[in-house]
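Work through the exercises below with the model open. Try each task before reading its solution.

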Amino acid sequence: GLDEDIAEESYRETKQISKAINKTLQSLKAVDQSRQEFVSNVSHELKTPITSIRVLADSLMSMDEVPKELYQEFMGDISDEIDRESKIIDDLLTLVRMDKSSAEINITQTNINALVEMILKRLRPIARRRNIELIFESIREVTADIDEVKFSLAVNNLVENAVKYNREDGWVRVTLDADHKFFYIKVSDSGIGIPEEYKERVFERFYRVDKARSRETGGTGLGLAITKSVIFMHHGSIQVESKEDIGTTFTVKIPLMYIPSTGKEKP
Ligand code: ADP
C-alpha cells in the first residue's frame with residue numbers, strides 16, 4: 001500500500017545519504033592523510049641540515065684546540081648546510097603560495113622564445129662545468145599568455161634537472177613548437193633516466209629516485225612539484241617519457257590564450 005511505498009522510498013533515500021556521507025568521509029580522510037604525510041616530510045627535511053649543523057658545531061666545541069684547517073673545513077660544511085636549509089624553506093614557500101586556490105597569477109603576453117633563451121643563458125655556466133651541450137630548437141616564434149615569473153621557474157626546473165641528472169659530455173635539447181591552440185616545450189636529455197615504476201612519483205613533493213644524488217646536486221625534491229603546480233595554474237599538462245641510462249623527455253603543453261577560471265571548478 002501507500003505506507004509501504006513511502007517507507008521503501010525513505011529507506012532508499014537514507015541509504016543514498018549514508019553512502020554519500022561515507023564517500024565524503026573517505027575523501028576527507030585521504031586529504032588528511034596526505035596533509036599529515038606532507039607535514040611529517042617537511043619536518044624531516046628541515047631537521048636534516050639542522051642535525052648536521054648540531055654535530056659539526058658540537059665537535060668543534062668539544063675540542064680544546066682546533067687546527068685552523070679543520071676549523072675552516074667544518075665552518076664551510078656548516079655554511080653549506082645553512083644554504084641547504086634556506087633553499088628548502090624558499091622552495092616550500094614557493095610551493096605553498098602556488099598551491100592556494102587564491103594564488104595570484106599575473107598574466108602577460110610573452111615571447112616564449114626569448115623566455116627560453118634567457119633560461120638557457122642562465123644555466124649555461126652550470127652545464128659547461130660538466131661539458132653538457134644545451135641546444136635550443138625553436139620551430140616557430142611563439143607568443144602566449146603566461147605568468148612570466150612563475151612559468152620561468154617551471155621551465156628552469158626542467159632544464160636544471162636535465163643538466164643535473166645527466167652524464168659528463170651529455171646534451172640537453174629544448175624544443176619549442178605550437179599549433180593554433182597550444183604551445184609545446186619539450187626538454188630532452190641524455191641522462192640517467194627514470195625507472196618506469198617511479199615515473200609518475202617524481203612530481204610528488206620531496207620524492208627523489210636517488211636521495212644521495214639529489215642531495216649532492218643541491219636538490220630539495222620540490223622542483224617538479226613546483227613545475228607541475230605552475231603548469232596547472234596555466235591550465236596546461238606535463239608528461240614524462242624515459243629510458244634508464246638513455247635519457248628523459250618532459251613535454252609541457254600550455255594553451256596560447258589564458259582563460260581565467262570562474263572559481264566554480266573543482267580544485
Ligand atoms: P630534486 O630537487 O631532487 O631534483 P625534483 O622534484 O626536481 O627534485 O625531481 C625529483 C626527482 O626526479 C629527482 O630527485 C630525480 O630523481 C628525478 N628526476 C627529475 N628530472 C630528471 C631527469 N631529467 N632525469 C632523471 N631523473 C630526473
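**Exercise 1.** How far is an oxygen atom of the ligand from an N or O atom in the side chain of Asn161?

*Solution.* This is a predicted model: local features need pLDDT of at least 70, side-chain atom pairs count only at pLDDT 80 or more, and totals for chains, interfaces and linings use all residues. Residues are numbered from 1 along each chain as its sequence is written, and side-chain values use heavy atoms, with hydrogens and water left out.

Step 1. Start at the side chain of Asn161. One of its N or O atoms is 2.9 Å from a ligand oxygen.
Step 2. Go to Lys164. Here the separation between a side-chain N or O atom and an oxygen of the ligand is 3.1 Å.
Step 3. Find the ligand nitrogen. A polar side-chain atom of Asp189 lies 2.9 Å from a nitrogen atom of the ligand.
Step 4. Check the cover. On its own the ligand has 530 Å² of accessible area (Shrake-Rupley method, 1.4 Å probe), and the protein covers 97% of this.

**Exercise 2.** Describe the shell of residues around the ligand.

*Solution.* Step 1. Take the residues with a heavy atom within 4 Å of the ligand. There are 20 residues around the ligand, and Tyr165, Ser214, Thr220, Gly221 and Leu224 come nearest.
Step 2. Sort them by type. Nine are nonpolar, eight polar and three charged. Gly counts as polar and Tyr as nonpolar in this scheme.
Step 3. Assign them to elements (DSSP runs: helices of at least four residues, strands of at least two). α4 (148-164), α6 (223-233) and β7 (247-255) each supply at least two shell residues. α4 gives the largest share, three residues.

**Exercise 3.** Which pocket holds the ligand, and what lines this pocket?

*Solution.* Step 1. The ligand sits in the second largest pocket. To sit there, more than half of its atoms must lie within 2 Å of the grid points. A pocket is an open set of points on a 1 Å grid over the protein atoms alone, with protein on both sides within 12 Å along at least five of seven lines; lining residues have an atom within 4 Å of a point.
Step 2. The volume of this pocket is about 670 Å³. Its lining has 35 residues, with Asn157, Asn161, Lys164, Tyr165 and Leu224 closest to the centre.
Step 3. α2 (68-99), α4, α5 (211-216), α6 and β7 give two or more residues each to the lining. The largest share, eight residues, comes from α4.
Step 4. By type, the lining has 14 nonpolar, 11 polar and 10 charged residues.

Definitions and conventions
A polar contact is a pair of N or O atoms within 3.5 Å; within protein, one must be able to donate a hydrogen and the other to accept it, and residues adjacent in sequence count only if both atoms are side-chain atoms. On a 1 Å grid over the protein atoms alone, a cavity is a set of points where a 1.4 Å probe fits but cannot get out, and a pocket is an open set with protein on both sides within 12 Å along at least five of seven lines; lining residues have an atom within 4 Å of a point. Grid points are joined across faces, edges and corners, and a volume is the space filled by probe spheres set on the points.
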